[in-house]
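Good morning, colleagues. Please have the sequence and the coordinates open while I go through several local features of the fold.

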Amino acid sequence: MNTDFRGLWLLAGAWMAASFTMPPALLVALIVVLGLLLALLLRRRHDGAHSTPWFTGPIVLLLGLLAVSFLGTTHSPCTLPSGSEQQRRAILSFEDSSPKPVEGVFKGSASIQRYWRDDAWVQCEVPVYLTVEYPMPVQTGEFETIVSLQPADAGTFAWWARATSEPKVISLAKLTAADYLKQRFTHSLQDLPSNARALLPGMLYGDRSGQDEELSTAMKTSGLSHLTAVSGSNIALLAAIVLSLLRVFSIARIPSAVLMIGAVALFTWFVGPDPSVLRASLMGSIAVLSLLAGRGQVSLGILSLSATILLLVDPGLGVEPAFALSVLATLGIIMLSPALTEIFIQFLPSWLAELTAICCAAQFTCLPVIIALNSNFSLYSLPTNLVVGPLLPLITAVGMVCLLLCTPLPSVAHILLWVPGLPAELIGRTAHFSAQLPGAARPWPTGLPGIILAIFLATVLCILLITGRETEQVRIRHVSLGLAGALLVFVAALVLPATLFYRVPVDSDWNIAMCDVGQGDALVINLGNHQGWLIDAGPPDSGVVQCLRRLNINELPTVFITHSHADHFGGVVQLESSGIKIGRRVVSAGFDINKWPGAEVIASGFSQTYGSISYQVLGPDSRAAKTAEPNDTSLVMRFHFHRATGNIDFFAAGDMETEAMHQLLQKFPQGPAAVLKASHHGARNGGTEIIEDISPEVLLISDGKDNSYGHPHPETLKAAQEVGAKVFRTDQSGTVLLTFAEQGVLSSSLGSPVR
């Protein structure tokens, strides 16, 4: 073996202590074991003078474990009194000093500064992921509100939080020079294409606020989301560019290193000193220092030492996914890319072999964390990263120059921005394209078995590759690499089943389909003869056209758009260009018909019959809709399916919220209906009154998997349980089909679409 693995022992011990609480008895036992191992160092040695004892690794592991464990015992983190769902009056602030609303909703990492308990404020800083659906000044600092809290599993925040009362602003955030520079840079992007405007701030300094839900989903599905977060690779690339410029001017090695570290520190100040940025800065700086030292084998030890230091400073990083992804990706590049390069260079050009090896190495080591986060495997992650990888140095280098010039020389920056802007636009289009390919997000075994399987595959593959490169025995080398190849074939067989491009035909006897379009709505009423009524089209690039084709619908006599929000109206662009024949285009009162040429407003009280199906429009009230919030302008309709055995009713609630729905039910009292489409994706502000009044057999909830809104809310699910309704959710079942039969409402699922 040529590589010194002692640093990995140190990191493993520190990470274990940071991830798990060690009982006092176990700590005492480990101290005793450490003492015994240290005593062995005093024995008379019979090996070489420069050889390393076999127990050096365990000693280093125990040192790292005990150091972090004892540091953790002196650190008492501030937490809320209970670990269960709760509501509290609290004073909060967003981490971003100037959060930007998306469709009127503020979302992002925040912290509870103080909370009310026992008639007094408790000073306690608790990290949360906060959603605020109320208007606030953009530069809000601290604000007071009632928050609904649900425990988060792990990571950078402890709770999912949602404001349930209008925030009372206590203070405004003071903008720093960095904030003003970011604002100027964002303003200078206005003439660039949409993907470039959204991606460049994230690729340069980690600001994802300009990305809409569709672009974010496409970046995740295509395996490119890491490009829009400040990571070790971003900072290492920036440091390498700075270092190269310094070498061009023949600046000596040591001053170059000092200036490079200063540039990284300045960049850290600009981005913001949150833990992920500090982690990336330290790792990036140390990586370049290792490069300056000219000793590639030292990289592993430096990485292990830097990660251990960060765990000593903040043990909470041990359960932070971003920290794990960064460390494992860097570890994979250091340990696996040389072996993979030797394999790929046999049939690829050297530059492509190295780039492929780096992408594969990072994917292998990060696989367990990726699976733990979303239970899906990004099938096209490797080719998309290979396509966009060569663009990153150009975007980073020229983008940073534009960032510096946007204030002193805005006209120059305005022209120069097209140089990184066009590659950034290409990356966005690549993400959208790959996300729409068949099998873009392949399912992986869910739960703990899937995570264990990912850990097993990644560990065995890494051991085989490292052994195949490090060993001096030719036979062992060949066997290791052969087994690694066999394992890769097994993984391919697991991720690419024979059914990837095969779809079971869909029978034509279904009555209602709830398409899985992610975080949005799209429902289809089957009219027969390959025709249907479509209620909403989901968000942009949601796959609504794919769903219609899967259902063998090629004509839509009427398309209803309940209201103007993008998660209901965004898919219309793809629908109009799909070739599917569209008849009437119907919108609600309060909808700006200029957004959809040819659309007509349908008023409350309108009714229509088509064969054995009829419907009546109940809301919104035309006068109230002129000043109402978009959700409260939603079309609310009741459909009647006339059967020989009696009518079966379907109530579609759009996104209408509690108060507006209450007024509607007062005006038009409703009897029971067999099927109810939950208002606002099952959110709390959709209310439970409609569920109680309708008392459905089936409750349909269209929501995105792992959505940050917390949809559906537990109160909605509880109300459905109380009335005995069976709940179907697109995040769990994918596209749902309902069929009305003599024995009642029958259901089936097509599963999640192959995106």
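Let me begin with a term: two strands are said to pair if DSSP finds at least two bridges between them. The model before you is a predicted one. With that term in hand, consider strand β17, residues 636-643, and strand β18, residues 646-652: they pair in the antiparallel sense over 7 bridges. Within this pairing, R638 stands opposite F651 in β18.

Both strands belong to a wider arrangement. It is an open sheet of 7 strands, in the order β15-β16-β17-β18-β19-β20-β21, and the pairing is mixed. Which strands stand at the edges? They are β15, residues 607-610, and β21, residues 726-729; each has a single partner strand, so one side of each is left without a neighbour in the sheet. From one strand to the next, the twist averages 20°.

I turn now to helix α25, residues 714-722. Its buried residues include T716, A719 and A720. Seen down the helix axis, the buried residues of α25 fall within an arc of 100°, so they line one face of the helix. Among the elements that cover them are α24 (689-694), β20 (698-701) and the edge strand β21. The face turned away from the buried side carries K718, Q721 and E722, which are exposed. After α25 comes G724, with a positive phi near 80°.

Further along the chain is strand β22, residues 735-741. How many of its 7 residues are buried? The number is 6, and the strand is thus described as mostly covered. Strand β22 pairs with β9, residues 512-514, in the antiparallel sense over 3 bridges. In that pairing, A513 stands opposite L737 of β22.

Finally, a pair of helices. Two packed helices are described by the angle between their axes and the distance between the axes. For α4, residues 177-188, and α5, residues 194-205, the angle is about 145° and the axes are 10 Å apart. Their crossing is right-handed. On the α4 side, the contact is made by K182, F185 and T186, and on the α5 side by P201, L204 and Y205. By character, the residues of this contact divide into 4 nonpolar, 1 polar and 1 charged.

That concludes my presentation; thank you for your attention.

Technical notes:
Residues numbered from 1 in each chain as written. Predicted model: local features only at pLDDT ≥ 70, side-chain atom pairs only at ≥ 80, totals over all residues. Heavy atoms only, no water. Buried < 20%, exposed > 50% of the residue type's maximum accessible area, 1.4 Å probe, protein only. Helix = DSSP H or I, 4+ residues; strand = E, 2+ residues; numbered from the N terminus. Axes fitted to C-alpha atoms, helices over the stretch in contact; angles between N-to-C directions. Left-handed = near helix turned anticlockwise from the far one by under 90°. Contact = heavy atoms within 4.5 Å. Nonpolar A, V, L, I, M, F, W, Y, C, P; charged D, E, K, R; others polar. Arc of directions from axis to C-beta.
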